[in-house]
Amino acid sequence: MKWPAWIPYPGAWMNAFVLYVLLRFISSGSKLFGDLGSFLGRFLQRPEHWVLSAVLAALAPILIIAFVHHWLYLFLDRFFPSIRSPEIGATRGFFPGLLSFWEGLYGWLVIAISTLISIGILALFYPFFNPKYYDYLLYHWNGFVYGPAMVVWTIIAAYLYQFEHLVQRRMMAVEFAENSDKRAG
């Protein structure tokens, strides 16, 4: 059976769900960088430390996702080597490589876009400026979205991962066609 392209593949759903589970750690890591910069800013009385901590807090999810991706594949390569694509090769070393940093960057983008779109969608159905519902729609900075917000967020994230998959598949098809033309000509 051919899977329709407009329905996210199981891998896209898995990526969205894993990212949702990681949100608790990602938001804690970002908060840690923010708190550190705030402490340094108060202690040293230098506003640059606040700016630096805000930048680090905003970019911390990329590092966290990259390291989790790398260590996950270290584990999978060790105990389930047959599931890894031979083109990619085995994961080595302590620090993430280019593919893990791409996953971190794209995961960060998925978090931001999914959050913004889900807030926009849910704001249509809830009285947005009522504080009782506002807390329900957004994160509690502990990394979890509750109820309908979680479902909407995960669906949007799965579609963003599906979009990435379709773009990569299209790029591989174009490259394959170009290489075939070179070999034939």
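1. Kink in α1. Helix α1 has a kink of about 45°, centred on Leu22. The bend at a residue is the angle between axes fitted to the seven residues ending there and the seven starting there. Helices are DSSP runs of H or I with at least four residues, strands are runs of E with at least two, and numbering starts at the N terminus.

2. Basis of the model. This is a predicted model, in which local features need pLDDT of at least 70 and side-chain atom pairs count only at pLDDT 80 or more, while totals for chains, interfaces and linings use all residues. Residues are numbered from 1 along each chain as its sequence is written, and side-chain values use heavy atoms, with hydrogens and water left out.

3. Overall make-up. The protein chain has five helices and zero strands. Read from the N terminus, the order is α-α-α-α-α. Of its 185 residues, 32% count as buried. Buried means under 20% relative accessible area, exposed means over 50%, and partly exposed lies in between (1.4 Å probe, protein chains only).

4. Length and burial of α1. Helix α1 covers residues 10-44. Its 35 residues should span 51 Å at 1.5 Å a residue, and the end C-alpha atoms are 50 Å apart, which agrees. The expected span is 1.5 Å times one less than the number of residues. Leu22, at the centre of the kink, is among the buried residues of α1. Others there include Leu19, Tyr20, Leu23 and Ile26, along with Gly29, Gly37 and Gly41.

5. Salt bridge. How many salt bridges are there? The count is one. The rule asks for a side-chain nitrogen of Lys or Arg within 4 Å of a carboxyl oxygen of Asp or Glu. Lys31 pairs with Asp35, and their closest N and O atoms are 3.0 Å apart. Both residues lie in α1, four residues apart, about one turn of the helix. An α-helix has 3.6 residues a turn, so residues three or four places apart point the same way. Lys31 is partly exposed at 46% relative accessible area. Asp35 is also partly exposed, at 41%.

6. Bend in α2. Helix α2 bends by about 40° at Leu59. A proline, Pro61, follows within four residues. For its 33 residues, a span of 48 Å is expected at 1.5 Å a residue, and the end C-alpha atoms are 48 Å apart, which agrees. Pro61 is buried, as are Ala57, Ala60, Ile62 and Ile65, among others in α2.

7. Aromatic pairs. The structure holds five aromatic pairs. Rings of Phe, Tyr and Trp (its six-membered ring) pair if their centres lie within 6.5 Å; planes under 30 degrees apart are stacked, over 60 edge-to-face, and the rest tilted. One of the pairs is Phe67 with Phe95, edge-to-face at 6.1 Å centre to centre and 70° between the planes. Phe67 sits in α2 (residues 47-79) and Phe95 in the loop between α2 and α3 (98-123), so this pair ties together parts that are 28 residues apart in sequence. Phe67 is buried at 18% relative accessibility, whereas Phe95 is exposed at 59%. Ring pairs also link Phe67, Trp71 and Phe95 into a cluster.

8. Tyrosine pair. Tyr106 and Tyr161 form an edge-to-face pair, 5.6 Å centre to centre with 65° between the planes. Tyr106 is in α3 and Tyr161 in α5 (residues 148-184), so the link joins distant parts of the chain, 55 residues apart. Both tyrosines are buried.

9. Helix α3. It has 26 residues and reaches 37 Å from first C-alpha to last, close to the 38 Å expected at 1.5 Å a residue. Its buried residues include Ser100, Gly104, Gly107, Ile111 and Ile119. Val110 lies in α3 and is buried, with a relative accessible area of 1%. The C-alpha atoms of Val110 and Tyr159 are 9.6 Å apart, with their positions 49 residues apart along the chain.

10. Nonpolar patch. Which residues form the nonpolar patch on the surface? They are Val51, Val55, Leu59, Leu99, Trp102, Leu105, Trp108 and Leu109, with about 670 Å² of accessible area together. Patch members have over 30% relative accessible area and no salt bridge; like charges are joined within 9 Å, and nonpolar side chains (Val, Leu, Ile, Met, Phe, Trp, Tyr) within 5 Å. Areas come from the Shrake-Rupley method with a 1.4 Å probe, and for residues only the protein chains shown count as cover. The elements giving two or more residues are α2 and α3. Helix α3 gives the most, with five. Leu99 belongs to α3 and is partly exposed at 39%.
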